[in-house]
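Please read the following as a walk through the structure shown below. The text begins with the ligand site, moves on to the helices, and ends with single residues in loops and strands.

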Amino acid sequence: MERILVSACLLGSKVRYNGSYRLNDHPVLSRWQSEGRIVQICPEVAAGFSTPRPPAEIQGSGDGHAVLRGGGRVIERTGGDVTALYREAGQLALDLARETGCRFAVLTDGSPSCGSSFIYDGSFSGSRISGRGTTTALLEENGIRVFSEDQIDELDDLLTRSDPNVA
Ligand code: SF4
């Protein structure tokens, strides 16, 4: 059975920077939970960030892939450089995915860690750019396919076609 790494905030954990969650009530998530497929993690909290914490964005030219190559930084709105902790967050997510055999992930879009189709542009003005967060980038570079919360049906269809354990 395919197991799926899922952002903890999508499952109702109050782990976002502002202490909120992004509970997603998609019925497929509930089914995956009852099937025992879900492995949840908040990469930032796993790396030691507290909740609440200052918002952070990726700065420099590029996205999470650039941060992994040393070409970008993750900076808190208060000015702190948290690049190293963001790299660690991604590594912890990758370690967990490997330990539990996850080849797929559903992560919260827009996050500097978990974003997959967009992130924010580093200006803290609410401007979006296309790109990956740091955790998503590391997972992808290690062969784990990352879907956003808007692509749950797409991943479910993929599993249904390839996994005989899906009803
Ligand atoms: Fe949610 Fe990911 Fe941010 Fe944690 S790091 S709060 S799981 S989006």
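The ligand sits in the largest pocket. The model is predicted, and that applies to every value given here. Around the ligand there are 14 residues, of which Cys9, Val15, Cys42, Glu44 and Cys114 come nearest. By class, the shell around the ligand consists of seven nonpolar, four polar and three charged residues.

Helix 4 covers residues 83-100, and its length can be checked against its sequence. With 18 residues at 1.5 Å a residue, helix 4 should span 26 Å, and its end C-alpha atoms are indeed 26 Å apart, so expectation and model agree. The buried residues of helix 4 are Thr83, Tyr86, Ala89, Gly90, Ala93, Leu94 and Ala97. Seen down the axis of helix 4, these buried residues fall within an arc of 130°, so they line one face of the helix. The background is that an α-helix has 3.6 residues a turn, so residues three or four places apart point the same way. Ala84, Arg98 and Glu99 are exposed on the other side of helix 4. After helix 4 comes glycine 101, with a positive phi near 75°.

The loop that leads into helix 4 from strand 4 (72-76) contains valine 82. Is valine 82 buried or exposed? Its relative accessible area is 9%, and because buried means under 20%, valine 82 counts as buried. Valine 82 also lies 8.1 Å from alanine 56 in space, C-alpha to C-alpha, although the two are 26 residues apart in sequence.

Helix 1 can be read in the same manner. Val28, Leu29 and Trp32 are buried in helix 1. Viewed down the axis of helix 1, its buried residues fall within an arc of 100°, and therefore they line one face of the helix. Pro27 and Ser34 are exposed, on the face of helix 1 turned away from its buried side.

Aspartate 25 lies in the loop between strand 1 (3-7) and helix 1 (27-34). The relative accessible area of aspartate 25 is 69%, and since exposed means over 50%, this residue is exposed. Aspartate 25 and leucine 11 are separated by 14 residues in sequence, while their C-alpha atoms are 8.3 Å apart in space.

Two loop residues are of interest for their backbone geometry. The peptide bond from threonine 51 to proline 52 is cis, its omega being near 0°. Proline 52 belongs to the loop between helix 2 (43-46) and strand 3 (56-60). Phenylalanine 124 is a residue other than glycine with a positive phi, near 55°. Phenylalanine 124 is placed in the loop between strand 6 (118-120) and strand 7 (128-130). How accessible is phenylalanine 124? Its relative accessibility is 23%, so phenylalanine 124 counts as partly exposed.

The last residue to consider is another phenylalanine, phenylalanine 147, found in strand 8 (residues 145-148). Phenylalanine 147 has a relative accessibility of 2% and so counts as buried. In sequence, phenylalanine 147 and serine 117 are 30 residues apart, and in space 8.7 Å apart, C-alpha to C-alpha.

Definitions and conventions:
Residues numbered from 1 in each chain as written. Predicted model: local features only at pLDDT ≥ 70, side-chain atom pairs only at ≥ 80, totals over all residues. Heavy atoms only, no water. Near = heavy atom within 4 Å. 1 Å grid on protein atoms, 1.4 Å probe; cavity = no way out; pocket = protein on both sides within 12 Å on 5 of 7 lines; lining within 4 Å. Sits in = over half its atoms within 2 Å of the grid points. Nonpolar A, V, L, I, M, F, W, Y, C, P; charged D, E, K, R; others polar. Helix = DSSP H or I, 4+ residues; strand = E, 2+ residues; numbered from the N terminus. Expected span 1.5 Å × (residues − 1). Buried < 20%, exposed > 50% of the residue type's maximum accessible area, 1.4 Å probe, protein only. Arc of directions from axis to C-beta.
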